[in-house]
Amino acid sequence: MNHTDEEAEAAGSGVAKAAAEKVVNLALQGGGSHGAFTWGVLDRLLEEERLSFEGVTAASAGAINAVMLTDGWAAGGRDGAKKALRLFWQKISEVASRGIFQPSMVDRMNQGFGLEHSPGFLFMDVLSLFTSPYLMNPLNYNPLRDVLEEVVDFERVRRQRAVKLFLCATNVRTAKVKVFTGAEIGCDHVIASTCLPLLMHAVEIDGEHYWDGAFAGNPAVFPVIYECKARDIIMVHVTPTERREIPIASHAIMNRMQEISFNSSLIKEMRTIAFVIKQIEAGKFTGGKHVLIHAIEGDDAVRGLSGTSKLNGAWELLSLLHQTGRDYAERWLTANFDRIGVESTVDLEAKYF
């Protein structure tokens, strides 16, 4: 990329932000196929020209949405980002239609889009109890990698400066969150952020091995606090924090265990943020950044789905979640746009304590 191109890109970014009334950061959760809800939210937010994005922190499926948003924006602005997001989810659905996780007739009759009766899912579920992905898949074939390499220009992602990008992964050896930044991100970093330990090999990067970022930060919020100027953070939440029913079936128990695990680090971080905000407002902590927290939550939409639906790539499910995400974002913007830059729209004390 020559200096003229860099200047044009910087100018384009400046014009986009100058024209926008409000600049925010995004925090995108993971959740497998449920990430299509986040796609829908982003699809609607990208249409809101009064809104611009400074930074995006993300994990797992959220990391994929973040990369598609960033690459698409660098290639063609808001419309480019919308097209890139749709292209990825269409491609992943096409791949899923040829994969082993095919819903059975019984599954198709269930509105939860689960795979509990899928022969392929049941086979892999039982097999995972006796072996590992290193034995089941010794060549480490990952169709997600093929899709990402086809639809993402990672060189463009690394050189763009319009959006600050932060992808979270979990260090297998230390259990700490690792945040990869835009200037270093390639396909391996996205795969690391989405790596499910029972289905994929741990991803080695610079001598360390990584699993799904949701274990240690779903997503980590601190990167956009420390590295971005914008005070507002809009979180797109797709992993239910609360459930009324107690799970009894084994798959429901495993799903709830994963939800608790994937939310625990976020809850701790949000409690810390709430404490700091309280100290700042009381005048006991000067010089700190008073962040404003917002959330577009898909918990209600996801609660009605089977836990195994996270592995279901059927277009019917993805398009339903996409439309639901758009609807939720529309309602959130109508109710809360004027509060951006003014106050948090999430009661952190009530939600996280």
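User: Where does Asp-206 lie?

Analyst: Keep in mind that this is a predicted model. Asp-206 is out in the open, with a relative accessible area of 77%. Its phi is near 55°, a positive value in a residue other than glycine. As for its place in the chain, Asp-206 lies in the loop between S5 and S6.

User: And Ala-175, is it buried or exposed?

Analyst: Ala-175 belongs to the loop between strand S3 (164–171) and strand S4 (177–181). It is not a glycine, yet its phi is positive, at about 70°. The cut-off for exposed is over 50% relative accessible area. Ala-175 comes out at 57%, so it is exposed.

User: What joins Asn-218 and Pro-219?

Analyst: Pro-219 is found in the loop between strand S6 (208–212) and helix H10 (222–227). Omega between Asn-218 and Pro-219 is about -10°. The link between the two is a cis peptide bond.

User: How many disulfides does a search of the whole structure find?

Analyst: A disulfide needs two cysteine sulfur atoms within 2.5 Å. For Cys-168, the nearest cysteine sulfur is that of Cys-228, 12 Å away. For Cys-187, the nearest is that of Cys-195, 13 Å away. Over the whole structure, the number of disulfides found is zero.

User: Do those two cysteines sit inside or outside; what is the relative accessibility of Cys-168, and of Cys-187?

Analyst: Buried means under 20% relative accessible area. Cys-187 counts as buried because its value is 10%. Cys-168 counts as buried too, and its relative accessibility is 0%.

User: Which helix gives the largest share of the largest nonpolar core?

Analyst: The largest nonpolar core has 65 residues, and those with the most contacts inside it are Leu-26, Phe-88, Leu-148 and Leu-167. Of this core, 13 residues come from one helix, the largest share. That helix is H3 (residues 61–96).

User: What is Leu-26 in contact with?

Analyst: Leu-26 is one of the residues with the most contacts inside the largest core. Neighbours within four places in sequence are left aside here. The contacts of Leu-26 are then Leu-42, Leu-45, Phe-53, Gly-55, Val-56, Thr-57, Leu-69, Val-224 and Ile-234.

User: How many residues are in the second, separate core?

Analyst: Among the members of this core are Cys-228, Ile-233, Leu-266 and Ile-273. It is separate from the core of 65 residues. Its count is 23 residues.

User: How far apart are the axes of H3 and H7?

Analyst: Helix H7 covers residues 143–151, and H3 packs against it at an angle of about 145°. H3 passes H7 in a right-handed crossing. On the H3 side the contact includes Ile-64, Met-68 and Phe-88, and on the H7 side it includes Leu-144, Val-147 and Leu-148. The axes are 10 Å apart.

User: Why are the buried residues of H5 on the same side of it?

Analyst: The residues in question are Gly-120, Phe-121 and Met-124, in helix H5 (residues 119–127). What covers them includes helix H6 (133–136) and helix H11 (250–281). They are on the same side because the arc they cover around the axis is only 95°.

User: What is Thr-194 in contact with?

Analyst: Thr-194 lies in the loop between helix H9 (187–193) and strand S5 (203–205). At a relative accessible area of 7%, Thr-194 is buried. Not counting neighbours within four places in sequence, its contacts are Ser-60, Ala-61, Ile-64, Leu-144, Met-200 and Asp-212.

User: What does Val-238 touch?

Analyst: Val-238 has its place in the loop between strand S7 (232–237) and H11. With 2% relative accessibility, Val-238 counts as buried. Setting aside residues up to four places away in sequence, Val-238 touches Gln-29, Gly-30, His-34, Phe-37, Thr-38, Asp-299 and Val-302.

User: How far apart in space are Gly-298 and Pro-240?

Analyst: Gly-298 is in the loop between strand S8 (292–297) and helix H12 (299–303). Gly-298 is buried, at 0% relative accessible area, and its contacts include Phe-37, His-237 and Tyr-328. Gly-298 and Pro-240 are 58 residues apart in sequence. In space, C-alpha to C-alpha, the distance is 7.9 Å.

Methods. Residues are numbered from 1 along each chain as its sequence is written. This is a predicted model: local features need pLDDT of at least 70, side-chain atom pairs count only at pLDDT 80 or more; totals for chains, interfaces and linings use all residues. Side-chain values use heavy atoms; hydrogens and water are left out. Helices (H or I, at least four residues) and strands (E, at least two) are DSSP runs, numbered from the N terminus. Buried means under 20% relative accessible area, exposed over 50%, partly exposed in between (1.4 Å probe, protein chains only). Contact means heavy atoms within 4.5 Å. The arc is that of the directions from the helix axis to the C-beta atoms. A nonpolar core is a set of buried Ala, Val, Leu, Ile, Met, Phe, Trp, Tyr and Cys residues joined through side-chain atoms within 4.5 Å. Axes are lines fitted to C-alpha atoms, for helices over the stretch in contact, and angles run from 0 to 180 degrees between N-to-C directions. A crossing is left-handed if the near helix is turned anticlockwise from the far one by less than a right angle, and right-handed if clockwise.
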